[in-house]
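Please work through the exercises below with the sequence and the coordinates at hand. Each task is followed by a stepwise solution.

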2 protein chains.
Amino acid sequence: MNIIEKFNKRIDTAHSLVCVGLDSELSRIPEKYQQAENPQLSFNVDVIEATHDYASVYKLNSAFYEVQGEKGWQAMRETVAYLKANYPDIVTICDAKRADIGNTSDAYARSIYDELGFDAVTLHPYLGSDALEPFLSRADKGCIILCRTTNPGAGEFQELVIDGRPFYQHVAATVCGEWNVNHNCMLVVGATAPEVMQELRQIVGDMPFLVPGVGAQGGDLEATVVNGISSDGKGLMISASRSIIFADDPGTVARELRDAINQYR
Amino acid sequence: MNIIEKFNKRIDTAHSLVCVGLDSELSRIPEKYQQAENPQLSFNVDVIEATHDYASVYKLNSAFYEVQGEKGWQAMRETVAYLKANYPDIVTICDAKRADIGNTSDAYARSIYDELGFDAVTLHPYLGSDALEPFLSRADKGCIILCRTTNPGAGEFQELVIDGRPFYQHVAATVCGEWNVNHNCMLVVGATAPEVMQELRQIVGDMPFLVPGVGAQGGDLEATVVNGISSDGKGLMISASRSIIFADDPGTVARELRDAINQYR
């Protein structure tokens, strides 16, 4: 099944646009997991058990696993395997922000899609589409291209004006127009600038957005949903990480986020 | 010691601008290594032993290790440890093309600089300088920003014209002007477009360039050296990977590359 069909089907089943971000930084994981054979994996399994009813997507932030070396890599792979075995309808994203050229991109694509088993990966646009071909050509997998990010200095390059419109709009138009041959492209669009979502909807139609920045980063949820929702009431993977996974009761926080989003849909 | 001082000192000692790229893809490693406990590590050690006299830099392409999972991660870390223990004057680069925001970039920086122990890392510019602060603020380490890459479609975004000049020149000017507070920035500039090197020298002065694209990718070595050399006869890390490491005699190929470069310096 195409990745976007999988996402849309899960939205209908779970009535949820929530993406739970498993930013499972070892030093922030509660004490009781620290003695486990693999603390990040044990923690993730418990978070998944508490939140899966309310999630359409799980996103693993590769950096927090890589910094733990081999053990982190194992935690990442086994978390994906756990999700596929128990909740195969839920979309899995490797938030790794990769992009290289030719045979190197091919190795990254095999690593993330095949060895780790993710459904989709976040990618940098700077190198152009031929560099990303090993990702884009995988019709069964998803490519989520960085478009407008949440950091305060995002505009340094992303808002440089080219032919009367900001660079990030050129990225959106190019991804939608030329890169999306296999209907497997999506965009990263931060919730900290909800006004850009409406502009981007004009350019890319109903293409799904992965939306970080709600929660710890302070994005406005109502403005995000109202401006960003697609014509079919979908099109958003609204990601919250620390605010869910490090809560005393992750399930309640995830459910409340799902319900708040649905109220604005 | 500052990373660029380290690089310049090594150039003087080894009379070499060669960067050996350890793109040690498992399927291409000779049969005799395949039974080793860690084939990629054993292969790298032999390549290093054959080439270290002619190299100022070793560059490990992270993708080819990541695709082997935990074992690849171990090979990458132990290769860096081997280099530091035996040839501490040689610069080590993690060609990982990372970039994320805030606490995620911080985790990548700790992973690459501290856990894996590299001297420098390649980075995407798209997110802006605040996102890369955990890298840029490390005065003891190096940040090598993607500027003009070697792939055929590099121009798709990199040559979009903003205020009369291509985007990659804006990247170069910004990195040189505002990002380089700790004098630890460099640029990736591909050898497949040597004419851009001269333009970039006008913008960034003697800032070192990491130059892929000589060798298997067909860049013109003479044009690269003539156009790219800095005013002090340095400023280039000319990288060759497959053409050296998979040769029957890697030492000879590395020596010949060193000598060919020095002839044009």
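The exercises treat confidence, fold, interface, symmetry and single residues in turn.

This is a predicted model, in which local features need pLDDT of at least 70 and side-chain atom pairs count only at pLDDT 80 or more, while totals for chains, interfaces and linings use all residues. Residues are numbered from 1 along each chain as its sequence is written, and chains are lettered from A and ligands numbered from 1 in the order in which they are written.

**Exercise 1. State the confidence that the predictor assigns to chain A and to the complex.**

Step 1. pLDDT is the predictor's confidence in each residue, from 0 to 100. Its average over chain A is 96, and 99% of the residues score at least 70.
Step 2. For the complex, the predictor gives an ipTM of 0.96 and a pTM of 0.97.

**Exercise 2. Describe the barrel of chain B and the packing of helix α4(B).**

Step 1. Helices (H or I, at least four residues) and strands (E, at least two) are DSSP runs, numbered from the N terminus; two strands pair if DSSP finds at least two bridges between them.
Step 2. In chain B, eight strands form a closed barrel in the order β1-β2-β3-β4-β5-β8-β9-β10, with parallel pairing. From one strand to the next, the twist averages 30°. Axes are lines fitted to C-alpha atoms, for helices over the stretch in contact, and angles run from 0 to 180 degrees between N-to-C directions.
Step 3. Helix α4 (residues 69-86) of chain B packs on the sheet and touches β1 (18-22), β2 (57-61) and β3 of chain B. The direction of α4(B) makes about 175° with that of β2(B).
Step 4. As one pair, β3 (residues 91-98) and β4 (residues 120-123) of chain B run parallel over three bridges. Within this pair, Cys94(B) stands opposite Val121(B) in β4(B).

**Exercise 3. Characterise the side of chain B that touches chain A.**

Step 1. Two residues are in contact if their C-beta atoms, placed from the backbone, lie within 7 Å. The contact takes 46 residues from chain B and 46 residues from chain A.
Step 2. Elements of chain B that each supply at least two residues include α3 (62-66), α6 (129-136) and α8 (167-179). The largest share, seven residues, comes from α5(B).
Step 3. Ala, Val, Leu, Ile, Met, Phe, Trp, Tyr, Cys and Pro count as nonpolar, Asp, Glu, Lys and Arg as charged, and the others, Gly among them, as polar. On this basis, the side of chain B divides into 19 nonpolar, 16 polar and eleven charged residues.

**Exercise 4. How are the two copies related?**

Step 1. Copies are superposed by least squares on the C-alpha atoms of residues with pLDDT of at least 70 in both. A turn of 180° and a shift of 0.0 Å along the axis lay chain B on chain A with an RMSD of 0.0 Å.
Step 2. The two copies are therefore related as by a two-fold rotation axis. The C-alpha of chain B nearest the axis is that of Glu70(B), 2.3 Å from it.
Step 3. The copies meet through the same surface, because 100% of the interface residues of chain B are also interface residues in chain A.

**Exercise 5. Is Val57(A) buried or exposed, and is Asp163(A) buried or exposed?**

Step 1. A residue is buried if 20 or more other C-beta atoms lie within 10 Å of its own, exposed if 12 or fewer, and partly exposed in between; C-beta atoms are placed from the backbone.
Step 2. Val57(A), in strand β2 (residues 57-61) of chain A, counts as buried because it has 26 C-beta neighbours inside 10 Å.
Step 3. Asp163(A) lies in the loop between β6 (161-162) and β7 (165-166) of chain A and counts as exposed, because it has 9 such neighbours inside 10 Å. Phi of Asp163(A) is near 50°, a positive value in a residue other than glycine.
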